[in-house]
Amino acid sequence: MTQEHVAAPEFDYGLFSYDSKEQMLDKSKEFWNPGKTQFWIDSGVPLVIDRREEYFIYDMSGKRLIDAHLNGGTYNLGHRNPEVVQAVTMAMQHFDIGNHHFPSLARTALAEALIKTAPTGLSKVIYGSGGGEAIDIALKTARHATQKRKIVSIVKAYHGHTGLAVGTGDDRFSKLFLSDRPEEFPHVPFNDLEAMEDALRGRDVAAVIMETIPATYGFPLPNPGYLEAVKVLCEKYDALYIADEVQTGLMRTGELWGITKHGITPDILVTGKGISGGLYPIAAVLATEKAAGWLNEDGFGHISTFGGAELGCIAALKTLEICSREETRSMVHYIADYVAGRLAAIQETYPDWFVGIRQNGVILGLEFAHPQGAKYVMRHLYENGVWAIFSTLDPRVLQYKPGILLKPEVAEEMLDRTEIAIGKAFAEIRNERKSA
Amino acid sequence: MSEMTYEPLMVEPAGVPRGRAMVERADWAARAYAKYDVATVNRIVDAAASALAARAQEFARDAVAETGFGVVEHKVLKNIACSTGIVETYRGQDFVSPEIDDINKIVAIPRPAGVVLALTPSTNPVATVSFKIILALMTRNAVIISPHPMAKKVCAAAAKAMAEAAVAAGAPDGIIQIVEDPSIPLINALMTDERTDVIVATGGSPVVRSAYRSGNPAIGVGPGNVPVLVDATADIQKTAARIIESKAFDNSILCTNESVVIAEDAIADKLLSAFAREGAYVLKDEERDAIRSTVFPDGHFNIKMVGKDAVWIAEQAGIKVPAKTRVLVAPFDLVVPEEPLAHEKLCPVLGFVRVPTAERGIDVARAILRITGAGHSAAIHSANPELIMKFSAAVPVLRVSVNVGNSLGASGIQTNLPPTMTIGTGFAGRSSVGENLQPKHLLNYTRLAYNADAREVMPSFAGLNPWSSPTGPVPAYPLASNDRANAHTLAPIHREPISQDVAELRDEIRKLIVEELHALIKN
């Protein structure tokens, strides 16, 4: 009797398997998202994230990358942070998503923790299942509170892709789906107070929504005093100030919420991404008593089955606790300081190529002297073992987002690799120019 | 290649992850501090020491209140000795700048350990915390204190006072941290963490042994059980005064307090009378038996007795002694393991054994150290250098206090040994260090060594210093990069060398140390 040996698939994940990375990419195009899949292949970043731990991600090929993208801060605490994994795993012995109709153990506990650590004045929490939904909740809340409809955001803003949120952002994502509504969503240039005042003067604006530092636009920094002045204008013209802290919250600026560094108490604050601990989707809106009036008028006003899923609340509670530690705050300051010093030295080597460093804490935008410069750097970073992404709405600028718990030796390694990649990207651009 | 991994659910007790966070923070702080220059290091050390010394009284009182043992005024003395006292001892010594040896063509560059995990005992809580912090700061290390749970509040207050002063003087943030709620799992996690560079363990044997088992470099010290030989050539009156003062010090909770006096027959009675004049009460046989069963019920030391005063202990045994009694002297005959009085006694009960000759006394001292205390310390009171040499060579300890009380003699406060709160017990005491713990134990040196060939000349390295201290807070507060011009609007850290007040305070303290030591010796 002969036995037939069937080779085990090389990539076996239990419930599914792939024979090869090529096969995986083919299926990705066939069944999932051909545009996106092909985009990364064409960009020289054929990444399929397999194993992940701390601030390391591994491609299916086994290639290790230091994650300096963190998916917008989702992996602020690293991938599969052991403390969050433990909290969620333990919670699964008791909790599930929960039932959004009823008062909930975990939602209430997280709400209390969020309010206790939030800027003073914020007093109520409303949950979403993701950042986009949370933004929609924030905008609806502002409309209810002011009984006005207009929402002012900045040109090239990005607040998500859901029904209302997409209106606040760049046309690219709203026009595609015939969802642009310019009359309700005026956009004003960033750092332009006059334009802001013009937009608000009619007193018909419900809220101004601002990322404390606009991420997808490449982290252009607000001019000193700009956000503070916008807040004053909001007060002057009876509009609410919504702080989108999805990417700037959770200690990434060296304080738990970036907006507190400006001394601003927003009427509404939105958190997402990182608050999930990277393990269970959740987002939250924090509002002042005055803004959150609808919760008394009609508590069922916004319904979300998965919003504030109790397992997500557990992940968020642990995440918030880790982010709030004195040790964490200290480490972020060290990391920010170290990264600043190393990048300044790299900039001295390539002053005509690496032309700008935008930094607040561990939020960084690196500017390069080429309209698509960040795409070159991204590719060379990938080849040299670091994953960081270009800014969709300003591809000169690389988003560079180290984790808040980064160990010194990993920080050193990341900067060593970054230095090489910036140099190689420069060499490539120079060669292109020469041969052109 | 990839495979699914199912990691077992690891449940860590509360506090452990927080402990790891402390080590990470310390790692960053240590890296920053390792680059500081000697002037700044000295300023930081002075600031931290003065902050402790200024509150020596308060911390002494709080330590006695929290632990329930010891003597406030003795703890004040130790707190000062282990803060500004230690700083004065090493003033002028440089553990930072490169040392140049032109003759051998070697330059030694000090290299700090990095993250020091310091375990401190309940018996000597604040003094040990301060001592280890000062040593770590002098050598540019970050330090995490894990205090004994019985003394955690006062230790936290002391460490925080020193940390604030150090950072205000320019030290990196997080250079001194303290575990506020110590637990066994947390201490194990800290000890086994690969970012812990060295463990300095002072405490009971279990703590010291687990430090050595951790897999990390460790400096641990064993227990004491101090034999004291008094021969016929000794000045009996002075000897009695010294022994009783030393035994009574801090109600005898130090590992250096005398355990058993071994007296040559010829002077034994005279010595006992002199003890009585110094405030000791010599127990009669039945009283001794009562004390034995009170202090060692079932043969095991009763921890309720730790650091209690002599009158209270006598009362527990149903013995009435004069109110001023400082030490209970318990004569017994045979030094063997089953005799509880031959063991370490962390209270003012002093064993007393007669020997026919001083030679025989050496054997008895060895017998005491066979029970426990090898590698630690012994004392001898004698005018005979031959005997002193013979004794010192024969008893397995690494320091012998001669004609001085052992509690402050072995710890270098009344001798010229390096002052310490951590007595290295060496190989005999299962430790990696045989000296009194001192700054050099927390340092390595990188030695750059030139070709020995005379034709290869080593150029002058004089004046070359790789270290420089930052001018602002470490780390810098993360201001937005387009707003750094405004940095000056933030309150600058105070960096004047040492303010007049602090300098005055230091003089005060120096005077106080001298006076107190003087009083102690006179007594």
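**Exercises: a helix pair, a chain contact and two domains**

In this predicted model, helix α5 (residues 125–138) of chain B and helix α6 (residues 152–168) of chain B have axes that come within 9 Å and cross at roughly 30°.

**Exercise 1.** Work out whether α5(B) and α6(B) are roughly parallel or roughly antiparallel.

*Solution.* Start with the crossing angle, roughly 30°. Angles under 35 degrees count as roughly parallel. So α5(B) is roughly parallel to α6(B). As for handedness, the crossing of the two is right-handed.

**Exercise 2.** Find which residues of α5(B) and α6(B) meet, then sort them by class.

*Solution.* First, look along α5(B): P125(B), V126(B), V129(B), S130(B), I133(B) and L137(B) take part. Next, pick out their partners in α6(B), which are V154(B), C155(B), A158(B), A159(B), M162(B) and A166(B). Now sort them: you get 11 nonpolar, 1 polar and no charged residues.

**Exercise 3.** Describe the side of chain A that touches chain B.

*Solution.* Begin with the head count: 34 residues come from chain A and 28 residues from chain B. Then see who supplies at least two residues on chain A's side; among them are α4 (82–91) and α13 (326–349). The largest share, 8 residues, comes from α13(A). Finally, split that side by class: 11 nonpolar, 13 polar and 10 charged.

**Exercise 4.** Locate the two domains of chain A and say which element gives domain 1 its largest share of the contact with domain 2.

*Solution.* Domain 1 covers 43–73 + 326–435, and domain 2 covers 82–324. Their C-alpha centres lie 27 Å apart. In the contact, 21 residues of domain 1 go with 23 residues of domain 2. The largest share of domain 1's side, 5 residues, comes from α13(A).

Definitions and conventions:
Residues are numbered from 1 along each chain as its sequence is written. Chains are lettered from A and ligands numbered from 1 in the order in which they are written. This is a predicted model: local features need pLDDT of at least 70, side-chain atom pairs count only at pLDDT 80 or more; totals for chains, interfaces and linings use all residues. Axes are lines fitted to C-alpha atoms, for helices over the stretch in contact, and angles run from 0 to 180 degrees between N-to-C directions. Helices (H or I, at least four residues) and strands (E, at least two) are DSSP runs, numbered from the N terminus. Angles under 35 degrees count as roughly parallel, over 145 as roughly antiparallel, 65 to 115 as roughly perpendicular and the rest as oblique. A crossing is left-handed if the near helix is turned anticlockwise from the far one by less than a right angle, and right-handed if clockwise. Two residues are in contact if their C-beta atoms, placed from the backbone, lie within 7 Å. Ala, Val, Leu, Ile, Met, Phe, Trp, Tyr, Cys and Pro count as nonpolar, Asp, Glu, Lys and Arg as charged, and the others, Gly among them, as polar. Domain bounds come from an automatic or database domain assignment.
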